[in-house]
Amino acid sequence: MSTQNKFVRLWLLLCIWLGATLALPALAAAPPPQGALASVAWLKENLARPDLVVLDASPGPLYRKQHIPGALHADFFSFGTWDMAPAALEKRLRAWGIHPQTQIVIVDEGGTYLAPKLFWGLVHYGISSQRLNILDGGMARWTALAGEVTAQATAAPTAGTVSMPQPDKAVRVRLPEFLAATADPRGNVMLEALDPSYYYGGAAFFDRGGHVPHATMMPADDFFNADKTFKSAQDMQRMLDHLGIKPEQQVHTYCGGGGAAAVPYFALKHLLNYPRVTLFQESQLAWLQDERELPVWTYAAPHLVRDSAWLKGFASPMLKAFGLSRLAVIDIRKSEDFKLGHLPLAVNVPAQEMQAQWQQPQALAALLAQAGVDPKHEAVLVSEGGLNPQSALALLMLESLGQHKVSLYLDNLDRWAELGHEVVRPAAKPAVSPAVTPAVSPAAAPAVAVAYVAQPRAGLWVSDPTVAQGRFPRVFIASGDKPPAKVPAGRVLHLPQSGFVNAGGTPKAAKEIWRVLENAGVPRYAEIVLFADSVGDAAINYVIFKMMGFADVKVWAPA
């Protein structure tokens with residue numbers, strides 16, 4: 001080889017080496033932010049990198065008004081139904097200049113579901129979450145920190161080379177699985193991301209307001225600070241702990257049409273690392289359109305009250321005789337009233353006798369054991385009518401004792417009889433002594449004592465109002481018609497129990513109750529302590545607040 005040829009060869013190798021060396025910064029992936037959120041400072045520093053793509057999920061008018069220089073418009077509403085064919089989505093992503101190693105930052109106006117929904121959609125269709133980030137605070141935070149904006153259209157980038165795998169089924173739940181999950185609320189969380197007005201039935205996207213059975217309300221707005229950034233992981237975890245949502249549970253997020261649900265999905269899955277989180281894309285739209293006419297609730301816990309039709313079905317002597325009824329009907333009226341007439345198979349534990357033992361769990365357990373009440377069964381309390389001081393206090397006492405489930409019968413004996421149902425009454429005395437003693441009806445058979453092991457539940461009663469026990473601030477609710485003589489120090493709201501109960505002892509509609517609570521400024525994340533001169537009035541509000549789904553409710557009974 002001649003000297004000239006060697007020189008040319010060396011020169012070519014040097015050019016190749018220099019070209020590769022100079023190209024390395026352009027080819028290297030932008031160091032991703034720590035976690036799924038990108039800060040404004042990080043994006044400013046990395047905005048010019050050629051391997052970074054900013055997708056703006058804001059609606060078209062907002063994007064055209066102003067956007068981050070170089071950001072591409074990825075309007076959620078023009079992105080499709082999220083059931084696009086992989087090839088169609090691949091074409092869209094390549095048009096945005098996305099390569100397999102591209103780092104994508106998604107932007108919206110801040111504090112909305114648009115960026116999280118696009119994030120979920122891309123993950124669902126196979127883009128690694130490691131290549132995706134959301135700009136924390138969105139455009140609101142970007143402009144607040146003097147980030148550059150423009151109204152000029154972004155030039156179409158060079159086509160990308162990304163290829164779409166099969167959709168990731170692990171982040172999406174369909175109606176059959178979601179419906180099955182509602183039957184197991186201990187193992188599953190149906191997390192509704194809509195505002196309380198929808199949850200309680202005051203507003204509706206479709207034909208019926210309310211929520212799916214056993215759903216836990218956690219609106220999308222709860223996850224954002226006032227400046228549109230996401231709350232800290234610590235603050236979000238406190239909220240989840242308050243609501244009893246645990247990492248080991250399966251969490252299904254939903255809303256009206258699958259948009260707002262992306263916010264809790266993103267927060268739990270990608271900010272808090274909950275391992276089992278899915279999004280129900282079809283949400284209420286599919287639930288309410290189902291031909292089976294699936295039910296919706298307006299109270300969070302409607303099972304705390306029972307009507308005559310329910311009690312007639314589940315408390316029948318036939319079911320009891322075959323051992324199929326796991327129900328104890330406890331009549332808390334006075335013994336003389338009980339003897340004049342009562343429901344079939346009901347046992348009599350007068351409210352006065354229960355209240356005499358309210359601070360002695362073992363004595364109360366002995367009283368219930370003598371009456372034959374099984375602590376593993378649901379106890380339905382029958383009183384003079386519905387939700388009243390005696391029935392509410394009895395419910396609170398049985399719950400604090402550890403009874404598996406307690407509910408209130410909303411009607412009374414007269415209404416039961418008006419509906420044509422059997423009433424056990426004393427046998428009429430015959431004018432002449434009969435030759436044969438009549439058999440005793442099974443409906444009037446005496447109670448058989450059982451073993452009742454009390455398992456007292458802590459945290460339902462407050463003995464010292466100066467010591468908060470919850471994860472959030474304590475709020476006192478004065479529950480009598482008049483403010484009580486003894487008022488604790490701290491934040492006190494006067495919400496008489498009579499404002500939540502109709503004249504017949506039935507709770508008012510959930511949407512009406514929520515309107516009162518919202519106007520009074522009752523926080524949803526708080527330790528609620530109810531009190532009144534009459535503990536029965538506080539107990540009524542205890543039932544109301546539990547029906548509305550407040551997670552931490554207690555009663556203070558001053559000595």
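A search of the whole structure, which is a predicted model, finds 1 cavity of 30 Å³ or more. The volume of this largest cavity is about 60 Å³, and its lining is made up of 14 residues, of which Asp108, Gly111, Ile134, Leu135 and Phe230 lie nearest its centre. Two elements, helix 5 (114-124) and strand 5 (132-135), each give two or more residues to the lining of the largest cavity. When the residues of that lining are sorted by class, 6 are nonpolar, 5 are polar and 3 are charged.

The largest pocket, by contrast with the cavity, is an open set of points, and about 1,700 Å³ of space lies in it. Its lining comprises 39 residues, and those that lie nearest the centre of the pocket are Pro185, His214, Ala301, His303 and Lys546. At least two residues of the lining come from each of strand 6 (188-192), strand 7 (216-217), helix 9 (233-243) and strand 14 (405-409); helix 9 gives the most to the lining, with 4 residues. The lining of the largest pocket divides by class into 19 nonpolar, 11 polar and 9 charged residues.

The chain that surrounds these spaces has a secondary structure of 20 helices and 19 strands. Of its 559 residues, 48% count as buried, and the accessible surface of the chain comes to about 26,700 Å², with 56% of that area belonging to carbon and sulfur atoms. Among the contacts in the chain with a separation of 6 or more, 74% are accounted for by residues 24 or more positions apart. One pair of residues remote in sequence is formed by glutamate 518 and serine 197, which stand 321 residues apart along the chain while their C-alpha atoms are separated by 9.8 Å. Glutamate 518 belongs to helix 19 (residues 510-520), and it counts as partly exposed because its relative accessibility is 48%, a value that falls between the limits of 20% and 50%.

Burial within a single element can be followed in helix 16 (residues 361-370), where Leu364, Ala365, Leu367, Leu368 and Ala369 are buried. The cover over the buried residues of this helix includes strand 11 (327-331), helix 15 (351-355) and helix 17 (389-401). Just after helix 16, glycine 372 takes a positive phi of about 85°.

Positive phi values also occur at two residues that are not glycine, although most residues other than glycine have a negative phi. The phi of serine 283 is near 50°, and this residue is placed in helix 11 (residues 283-289). Glutamate 293, with a positive phi of about 55°, is placed in the loop between helix 11 and strand 10 (305-306). With respect to solvent accessibility, serine 283 counts as buried because its relative accessibility is 0%, whereas glutamate 293 counts as exposed because its relative accessibility is 64%, which is over the 50% limit.

Two further residues, histidine 270 and lysine 554, were examined for their surroundings. Histidine 270 lies in helix 10 (residues 262-271) and counts as buried because its relative accessibility, at 16%, is under the 20% limit. The side chain of histidine 270 is joined to that of tyrosine 265 by a polar contact of 2.9 Å. When neighbours within four places in sequence are left aside, histidine 270 is in contact with Ala36, Phe119, Ser129 and Tyr265.

Lysine 554, which is part of strand 19 (residues 553-556), has a relative accessibility of 4% and therefore counts as buried. A polar contact of 2.4 Å is made between the side chain of lysine 554 and the side chain of aspartate 552. If residues up to four places away in sequence are not counted, lysine 554 touches Gly459, Leu460, Val462 and Gln469, together with Glu527, Ile528, Val529 and Leu530.

How values were computed:
Residues are numbered from 1 along each chain as its sequence is written. This is a predicted model: local features need pLDDT of at least 70, side-chain atom pairs count only at pLDDT 80 or more; totals for chains, interfaces and linings use all residues. Side-chain values use heavy atoms; hydrogens and water are left out. On a 1 Å grid over the protein atoms alone, a cavity is a set of points where a 1.4 Å probe fits but cannot get out, and a pocket is an open set with protein on both sides within 12 Å along at least five of seven lines; lining residues have an atom within 4 Å of a point. Grid points are joined across faces, edges and corners, and a volume is the space filled by probe spheres set on the points. Ala, Val, Leu, Ile, Met, Phe, Trp, Tyr, Cys and Pro count as nonpolar, Asp, Glu, Lys and Arg as charged, and the others, Gly among them, as polar. Buried means under 20% relative accessible area, exposed over 50%, partly exposed in between (1.4 Å probe, protein chains only). A polar contact is a pair of N or O atoms within 3.5 Å; within protein, one must be able to donate a hydrogen and the other to accept it, and residues adjacent in sequence count only if both atoms are side-chain atoms. Contact means heavy atoms within 4.5 Å. Accessible areas come from the Shrake-Rupley method with a 1.4 Å probe; for residues, only the protein chains shown count as cover.
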